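User: Please take a close look at one part of this structure, the helices and what packs around them, and then relate that part to the cysteines and the ligand site.

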Amino acid sequence: MRRMLVAGNWKMQGSMHSTREWIDRVKVTSSPSCDRVVFPPFPYLGAAVEAATTGELAVGAQDLSEHAEGAYTGEVAASMLRDMGAEYVLVGHSERRQYHAESDAVVAAKFLAAVSAGLQPVLCLGETLEEREAGKTEEVIQRQLGTVLEQCGLSAFTAAIIAYEPIWAIGTGHTARPDQAQQIHAFIRSQLAGRDAKLARMTRLLYGGSVKPDNAAELFSEADIDGGLVGGASLQAADFLAICAAAC
Ligand code: PEP
């Protein structure tokens with residue numbers, strides 16, 4: 001495992017053609033000190049796994065069901081994602097929490113489903129602008145993380161990654177200042193350290209929220225920022241590669 005990780009979340013964008021083109025472009029470049037993961041929409045996962053043959057790029061899903069199997073029309077189980085060759089999965093992205101009413105408890109159930117199937121969950125945490133302005137950022141992060149820790153246990157975090165994604169910075173062009181992001185990353189690490197110091201050191205903490213080629217290096221130079229979860233700027237392979245270069 002490398003220390004740094006850069007992940008691209010395409011959200012509901014792209015096509016079969018653009019997926020194959022993007023992966024063909026990224027997989028031929030190497031990243032000596034940075035793991036790279038792409039999260040395409042569900043229908044393109046198979047093609048992405050098939051195209052990403054070199055080990056230079058892993059593939060993940062943007063969501064999963066909290067249930068292992070059953071009568072849940074339209075849902076996708078963690079075991080099915082593993083079956084397709086996905087290695088990672090986003091859990092609790094703010095767009096899922098906001099538009100699909102995913103509670104902290106549902107997010108924790110999804111986290112556990114991912115871990116149980118052998119997927120590496122990327123647990124997304126973050127506050128709204130109102131919560132930040134009310135001085136509640138740490139309270140929100142503590143609640144979101146605490147629910148997963150309580151419901152899933154510390155051992156579930158062994159392969160986990162945590163992404164701090166302030167909602168006010170996602171897709172808005174308003175990146176958190178590096179010192180603002182670092183402050184919350186240090187807080188997240190301290191929450192883990194209070195339970196297990198080694199786990200806290202080992203867990204990779206990504207920053208997400210309008211990361212771009214021109215602000216990535218500054219963000220990644222902070223002590224507790226171990227890479228980025230990148231939305232908009234990950235759609236263009238050249239921008240994604242420039243962000244990866246800033247992490248290496
Ligand atoms: C995201 O979707 O997780 C994200 C961080 O988006 P953007 O980089 O576009 O803000």
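Analyst: What follows starts with two helices and moves from there to the cysteines, a buried arginine, the ligand and a loop proline. The model is a predicted one.

Helix α5 covers residues 104-116. With 13 residues at 1.5 Å a residue, α5 should span 18 Å, and its end C-alpha atoms are indeed 18 Å apart, so the expected and computed lengths agree. The buried residues of α5 are Asp104, Val107, Ala108, Lys110, Phe111, Ala113 and Ala114. An α-helix has 3.6 residues a turn, so residues three or four places apart point the same way. The cover over the buried residues of α5 includes two helices that flank β4 (88-91) in sequence, α3 (78-84) and α4 (94-99), together with β5 (120-125) and α7 (137-152). Just after α5 comes Gly118, with a positive phi of about 90°.

Helix α7, part of that cover, can be read in the same manner. Its 16 residues should span 22 Å at 1.5 Å a residue, and the end C-alpha atoms are 23 Å apart, which agrees. Buried in α7 are Thr137, Val140, Ile141, Gln144, Leu145, Gly146, Thr147, Val148, Leu149 and Cys152. Among the elements that cover these residues are α4, α5 and β5, as well as α6 (129-133), β6 (161-164) and α8. The residue that follows α7 is Gly153, and its phi is positive, near 85°.

Cys152, one of the buried residues of α7, leads to the cysteines. A search of the whole structure finds zero disulfides. For Cys152, the nearest cysteine sulfur is that of Cys124, 14 Å away. Cys152 counts as buried because its relative accessibility is 12%, and the cut-off is under 20%. Cys244 has a cysteine sulfur at 4.8 Å, that of Cys34, but this is too far for a bond, because a disulfide needs the two sulfur atoms within 2.5 Å. Cys244 is also buried, with a relative accessible area of 3%.

Helix α8, which helps to cover α7, spans residues 178-193 and contains Arg189. Arg189 is buried, at 11% relative accessible area. Its side chain makes a polar contact of 2.8 Å with the side chain of Asp226. Beyond its neighbours within four places in sequence, Arg189 is in contact with Arg3, Ala200, Arg201, Thr203, Leu205, Asp224 and Asp226.

The ligand is surrounded by 14 residues, the closest being Lys11, Glu165, Gly171, Ser210 and Gly231. Three pairs of atoms describe how oxygen atoms of the ligand sit against the protein. A polar side-chain atom of Glu165 is 2.7 Å from a ligand oxygen. For Gly231, a backbone N or O atom lies 2.8 Å from an oxygen atom of the ligand. In the side chain of Asn9, an N or O atom is 3.2 Å from a ligand oxygen. The ligand taken alone exposes 290 Å², and the protein buries 97% of that.

Asn9 also gives a link to Pro41: their C-alpha atoms are 8.8 Å apart, with the two positions 32 residues apart along the chain. Pro41 lies in the loop between β2 (34-39) and α2 (45-51), and at 11% relative accessible area it is buried. Away from its neighbours within four places in sequence, Pro41 is in contact with Trp10, Lys11, Met12, Gln13 and Gln62. Of these contacts, Lys11 is also among the residues closest to the ligand.

Definitions and conventions: Residues numbered from 1 in each chain as written. Predicted model: local features only at pLDDT ≥ 70, side-chain atom pairs only at ≥ 80, totals over all residues. Heavy atoms only, no water. Helix = DSSP H or I, 4+ residues; strand = E, 2+ residues; numbered from the N terminus. Expected span 1.5 Å × (residues − 1). Buried < 20%, exposed > 50% of the residue type's maximum accessible area, 1.4 Å probe, protein only. Contact = heavy atoms within 4.5 Å. Polar contact = N/O pair within 3.5 Å; in protein donor to acceptor, adjacent residues only side chain to side chain. Near = heavy atom within 4 Å. Areas by Shrake-Rupley, 256 points an atom, 1.4 Å probe, with all protein chains shown as cover.
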